[in-house]
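Hello,

Here is the structure I promised to pass on. Please open it alongside this email; my notes follow below.

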Amino acid sequence: MKQARRALAIASGLMSLAITMSPLRAAAETAVDLELVLAVDASASVDEAEFALQMNGIAAAFRAPDVQQAIAAGPAGRIVVALAVWAEAERPADLSPFHLVADAASARRFASEVETWPRRVNGGTGIGAGLAHAMRHFDRNGFAGRRRVVDVSGDGRETPPRDYVVLIDTARGMALGRGITINGLAIENEDRGLAQWYRDNVAVGPRSFVMSVARYEDFAEAMRRKLLREIEDRPPLAAIAPDAASSRR
C-alpha cells in the first residue's frame, strides 16, 4: 500500500513538473523562419565613423519596408536576430539578446538598439573567434529556426593571434557540424581582394555567399540587399556576381 502511495506521489510530482516546464518547452520550440546573428567588425582597422556606418546601415536595413515585408512573407512570418560585435580574438564578442522580429514595430525596435549599441571591443581581426562566439549564441536561445545564418561584415583578413584561439578553419568546421551558414559582406576600402578571400576562407554552408562594397558609405544598401537574400533564402543562382558588381558602382 505504501509503495502504491509512493508511486502515485512520484507520478503526481512528475505531472506537476511537466505542467511547470511546459511553457519553457513551448518557448524553446517557438518556430521562426530564420535565426540570424549579425557579426560586426570592431577591430582596430575600423575607426569610429566606420563602425557607426556599419551599425547605422544595419538599422536602416531593418527599417526598410521591403525587408520588413520579406520577414512577414515567410512561412512563420517572423525571424530572430542578434548582434555579435567582434575584434580581438582573445576577447569574447559583445553579444546582444536575440530579438523576435515579426512586423514593422519590432523591426524598428531592433534597429533602435543597433544604432545606439556602444563599441566595447577593439584590437586585432579575430574573425574565427568572432564567428565561434556568434555560433555558440544560437545555443539554447529559445527559438527553433528553419535556418541558422551568421552574417559577418569586416574590412580585413584574420590577423595571427598571440595565443591559441579559434581560427577561421576551425570556425568553418564548427559551422558545417552545426548546419549553420556563414555569409560575408567584405568592405574593400583597403583590400580589393578581400571579397575573394572571404569566399575562399569565410563563407561556408548551405547557399552561402559573399557580397562586397568598395567603401563604408555603400554598406547600408548592401546590407539591405544581403538581408533580403538571407531572409528569402534565395538560391545560389541569384546572380552573386551582379550583386557584387553593383556594390562597386
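Start with N183. At 2% relative accessibility, N183 counts as buried, because the cut-off for buried is under 20%. Please keep in mind that this is a predicted model.

N183 is found in strand β6. Which residues does N183 touch, leaving aside those up to four places away in sequence? They are V149, V150, D151, V152, R207, S208, F209, K226 and E230. G205 is another residue to look at. It sits 22 residues from N183 in sequence, and the two C-alpha atoms are 8.5 Å apart.

Now the overall picture. The protein has nine helices and seven strands. It has 249 residues, of which 50% count as buried. Take the contacts between residues at least 6 apart in sequence: 79% of them join residues at least 24 apart.

Next, helix α6, which covers residues 168-178. Its buried residues are I168, A171, R172, M174 and A175. Seen down the helix axis, the buried residues of α6 fall within an arc of 155°, so they line one face. The general rule is worth recalling here. An α-helix has 3.6 residues a turn, so residues three or four places apart point the same way. The face of α6 turned away from the buried side carries exposed residues: D169, L176 and G177.

What do the buried residues of α6 pack against? Their partners are α5 (127-136), β6 (181-187) and α7 (194-201). So β6, the strand of N183, turns up here again. Just after α6 comes G179, with a positive phi of about 70°.

The pairing of α5 with α6 deserves a closer look. Their axes come within 7 Å and cross at roughly 25°. The two helices are therefore roughly parallel to each other. Their crossing is left-handed. On the α5 side, the contact is made by I127, G128, L131, A132, M135 and R136. On the α6 side, it is made by I168, A171, M174, A175 and R178. By type, the residues of this contact divide into eight nonpolar, one polar and two charged.

Then α7. Here L194, A195, W197 and Y198 are buried. These residues cover an arc of only 160° around the axis, which puts them on the same side of α7. They pack against α5, β5 (143-154), α6, β6 and β7 (210-213).

Finally, a second helix pair: α2 (residues 48-63) and α8 (residues 219-232). How do α2 and α8 cross, left-handed or right-handed? The crossing is right-handed. The axes come within 8 Å and cross at roughly 45°. α2 and α8 are therefore oblique to each other. From α2, the contact takes in L53, Q54, G57, I58, A61 and F62. From α8, it takes in F219, A220, M223, R224 and L227. The residues of this contact divide into eight nonpolar, two polar and one charged.

To find your way around, begin at N183 in β6. Move on to the buried face of α6, which packs against β6. Then look at α7, whose buried residues also pack against β6.

Best wishes

Note on methods
Residues numbered from 1 in each chain as written. Predicted model: local features only at pLDDT ≥ 70, side-chain atom pairs only at ≥ 80, totals over all residues. Heavy atoms only, no water. Buried < 20%, exposed > 50% of the residue type's maximum accessible area, 1.4 Å probe, protein only. Helix = DSSP H or I, 4+ residues; strand = E, 2+ residues; numbered from the N terminus. Arc of directions from axis to C-beta. Contact = heavy atoms within 4.5 Å. Axes fitted to C-alpha atoms, helices over the stretch in contact; angles between N-to-C directions. Parallel < 35°, antiparallel > 145°, perpendicular 65-115°, else oblique. Left-handed = near helix turned anticlockwise from the far one by under 90°. Nonpolar A, V, L, I, M, F, W, Y, C, P; charged D, E, K, R; others polar.
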